[in-house]
Amino acid sequence: MKRNSKDQDAAHGKMTRRALFLGGLQLAFAGGLAARMRYLQVDQADEFRLLAEENRINIRLLPPARGQIFDRNGLIIAQNSPSYRITVVPEDAGDVEAVIAKLSGLVPLDPEDLERARAEMRRSPPFLPITLADRIGWEDISKVAVNAPALPGVTPEVGLTRVYPQLGDFAHVVGYVGPVSDYDLSKMEDPEPVLMIPRFQIGKVGFEARREDVLRGKAGAKRVEVNATGRVMRELDRREGISGADMQLTIDAGLQNYVQARLGRESAAAVVIDCEDGDIRAICSSPSFDPNLFVRGISVADYRMLTEDKYRPLSNKTVQGTYPPGSTFKMITALAALENGVVGPEETVWCPGHLKVAGRRFHCWKRAGHGHVDLNTSLKRSCDVYYYDVAIKTGIDKISEMANKFGLGIKHDLPMSAVAQGITPTKEWKASSYGKDWLIGDTANASIGQGYMLASPLQLAVMTARIATGRSVTPRLLKSLDGVEQPSGAGEPLGISENNLRMVRRGMHSVSNDRRGTAYRSRIIGDGMQMAGKTGTSQVRNITAAERAAGVIRNEDLPWERRDHALFVCFAPYDKPKYAVAVVVEHGGGGSKAAAPVARDVLLQALYDGTPPLEAYPNADRSRIKAQQERLERERVKRPLGSRSSRA
Amino acid sequence: MSYLEYHAKSTPTGLRKVLFLNWGLILLLATVSSVGFLMLYSVAGGSFNPWVEPQVKRFALGLGVMFVVAMIPIWFWRNISVVAYLGSLALLVAVELFGTVGMGAQRWIDIGFMRLQPSEVTKIAMVMLLAAYYDWLPPEKTSRPLWVLLPVALILLPTALVLKQPDLGTSILLMAAGGGVMFLAGVHWAYFAAVIAAGVGLVSAVFQSRGTDWQLLKDYQFRRIDTFLDPSQDPLGAGYHITQSKIALGSGGWSGRGFMQGTQSRLNFLPEKHTDFIFTTLAEEFGFIGGITLLFIYMLIILFCIASAIGTKDRFSSLVIMGIAITFFLFFAVNMSMVMGLAPVVGVPLPMVSYGGSAMLVLLGAFGIVQSAHIHRPRQTQR
């Protein structure tokens, strides 16, 4: 192709101009890029650096170790034990099913857990660990650890979980912990961030819930570097949390265990209180349940079993349950009458078997009557007419005032759930509660602890301790908090005439030591060990006139829930009171038969700090008691006491 | 110019050619590639595997290709440009039929030792053909409509094939490079003004088509544009790339966090950290200074090419050098704009730095042509 050089030069010149123009454009663009780079990296550097840090650093909370709970001798009631879990990271495992198959050859895996794990795997990103099995034994965990090379992505993990080695013995006192629920969070105004940790355990019921404030401790934190997918690359620094405070209860775990066993399958409650300082030595509600079930997350079947049981194992009958105190209230009526000078200790009342009050007959439990009855006899034989008579003379308000002095109708401040106040009725109370006037018959009913009168077993124990000492003994459950001894509950003198108190105590002594006393069969043999007590049998139904005429149906012939409650309160030794005990057996029948023997056995166990010698029992009963002791000993073996802790 | 004209001028022959190589350009290319090795070493967490080692091997291979290409006289390359163009079209069709699907697009052909991206070859082949076309076309015909339409068709044919893959980034690059060569060849301004106006019209048409049954772009391409326009709208979804990339860049500051200290890239916040987004790692670890230095080296390469293009009287040589320079420029300009949030994420690697075989080989081969043009440029002989 032929071209002239002029054309060529023109074309070349044009191209050079355009090349320079394009080069200029490119330079300008590069300048723009440089300016942009400067803007991002110099002008905005601080902001972006901050964003990068936020990207990179995550703060993870470290759950604090929960405070432990000990009994008065340092035996562990609630502890934190390592809980081993097996987790798998699907991403690292590769073929997850193959790994699971290999794993199940080593340790037992629950198919239900596996199903849940598979569902979780489908939902969550593959780098997050999935729990395959929880609460694995140490042996199984070590098997997994040893075989780790053959199990890619599988990690044995350790965390802390609450364990109650005493099983059911403290279920009602200490309660239990469980994972925080949305409902728990909704109740709190400003929930601590630590509560957001998945499966973090908080106190749900009982002492665990009431003293959550000190038991929980303070969460620590660690700063970790995470990558874009949220995987932790390394830990930058950590601040350990503060463990919750350790608690020591006043309860003697050994005695508690005995009482629980002694109550057996009855629907019953028993409280042992130290008369000298108000320490609660044992406080049992029966039947009980294993609180560990709730920590783990109770199964529907187990929960239904507990809620549908007519003996109500979940309710804490010692402080939550209130019962008509029945005849155990008679000491209060007597003291109110004596203190107000309505009746003298030697004065007698004629009991023909009933008393006509405002045109209505109030019956004594003994149809034939007790004849001439003085204070001592009235307590010993539990004559009702005597109390109708003196109570009407005293007036309900003074009786209620006396009851309050002895801790009835008062809400004792114990760190337990749903502590009941009970009821000590007054005229004003009835007017405001029912809008009705107080009737004289109500006073008669109240005088023998029936009608509106309601008290919890704890209140009855406190009442007995106050009668025994004349001091305002206050129940104490927490012995020391984080090593600091809590104030004693010994209390101030009540300001009741010692003479009157002595008369009442003597009456209680007769109940269990006089041949004609209602609890003579449950007496304690031995000088300086004698027991003073009072039986109570409280009706849960009205006995109609027609039934009374035809003969009152015996308790044994009634359905369980309509039978009388059996009560017994007592203290010992009579001369120098050490322990006061209250026992309520729901629908147990007569107090002397159903409650007194239990209370006596419990009292002896407490007095002897262990199994009492047979000599403490009446001669005739010893062989039967021996068999009972052996049976209980066997049953108690099933309730391991756990290991004694190193701390005193 | 004919073969005879070339021959008449004294050009170096044999091994003497090595002395006439543009050694400055080679040094610059080696420097840029070394920056790439350094960054690949860093993003691998201080390891030669899995990226540095293959990259070095490809660079060595690429250098070899460059030398061989450079030794062959430039007129040979002009003469085979039609063949090269047709060959690359055939490859594009082949990739459509047998290609491996990656990232939602058909782009690769596995040829044993490496994955070949035919669109890379196409860029150079197209530039070569256009340069040859304008070398052949008498300059006075350059702006005549018929003679303008022909190169436009030559550009649009491979563009359409690449767009079908679909690879929006490369197709834009193809059009821009082709347009650049036409501009240099002296096509009248008015055509470019018309094309730009048409382009604006097309863009609005593309947006109009969204959601209708004649939709011109894929949904993901629309979303990329959306997130480019406002990355904060979807910071964890599609906007994630841009947001994280800007964070990485910005947190680098003046002098960077130091080699291998970039948290954004080391902790995988950066997507595609070894390929398209490798510049963010550089900017995070070496800061503004590092970034601007790389940009400076790139611009030096462009300037060397422009100087070489102006310095030769051979029309084909000038055009092919400039065409390759434009292609190279478009590579890094689009890539940097993308990671700095100035352009949508279109999947263009950072030339010579990003991990990737075919781009590096093709680019070094292209620079071989630049070198060949440099060596075999017409010289004034002593008469």
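Trainee: In what order do the five strands of the open sheet in chain A run?

Mentor: In this predicted model, the order is β12-β11-β21-β20-β19, with antiparallel pairing.

Trainee: Which strands stand at the edges?

Mentor: Those are β12 (280–286) and β19 (532–538) of chain A. Each has a single partner strand, so one side of each is left without a neighbour in the sheet. From one strand to the next, the twist averages 5°.

Trainee: How many bridges join β20 to β21 in chain A?

Mentor: Seven bridges link β20 (residues 565–572) of chain A with β21 (residues 579–585) of chain A, and the two run antiparallel. Within that region, Cys570(A) has Val581(A) in β21(A) as its bridge partner.

Trainee: And which helix lies across these strands?

Mentor: Helix α22 (residues 591–607) of chain A lies across β11 (268–274), β12, β19, β20 and β21 of chain A. Its direction is at about 145° to β21(A).

Trainee: Stepping back, how many helices and strands does chain A have?

Mentor: Chain A has 23 helices and 21 strands. Of its 648 residues, 45% are buried. Among contacts in chain A with a separation of 6 or more, 73% are between residues 24 or more positions apart.

Trainee: Now the interface. How many residues does each chain give to the contact?

Mentor: Chain B gives 41 residues and chain A gives 39 residues.

Trainee: Which element of chain B has the largest share of the side that touches chain A?

Mentor: That is α13(B), with 11 residues. Other elements giving two or more residues to that side include α8 (168–185) and α14 (315–339) of chain B.

Trainee: What is the make-up of that side, nonpolar, polar and charged?

Mentor: On the side of chain B that touches chain A, 24 residues are nonpolar, 14 polar and three charged.

Technical notes
Residues are numbered from 1 along each chain as its sequence is written. Chains are lettered from A and ligands numbered from 1 in the order in which they are written. This is a predicted model: local features need pLDDT of at least 70, side-chain atom pairs count only at pLDDT 80 or more; totals for chains, interfaces and linings use all residues. Helices (H or I, at least four residues) and strands (E, at least two) are DSSP runs, numbered from the N terminus. A residue is buried if 20 or more other C-beta atoms lie within 10 Å of its own, exposed if 12 or fewer, and partly exposed in between; C-beta atoms are placed from the backbone. Two residues are in contact if their C-beta atoms, placed from the backbone, lie within 7 Å. Two strands pair if DSSP finds at least two bridges between them. Axes are lines fitted to C-alpha atoms, for helices over the stretch in contact, and angles run from 0 to 180 degrees between N-to-C directions. Ala, Val, Leu, Ile, Met, Phe, Trp, Tyr, Cys and Pro count as nonpolar, Asp, Glu, Lys and Arg as charged, and the others, Gly among them, as polar.
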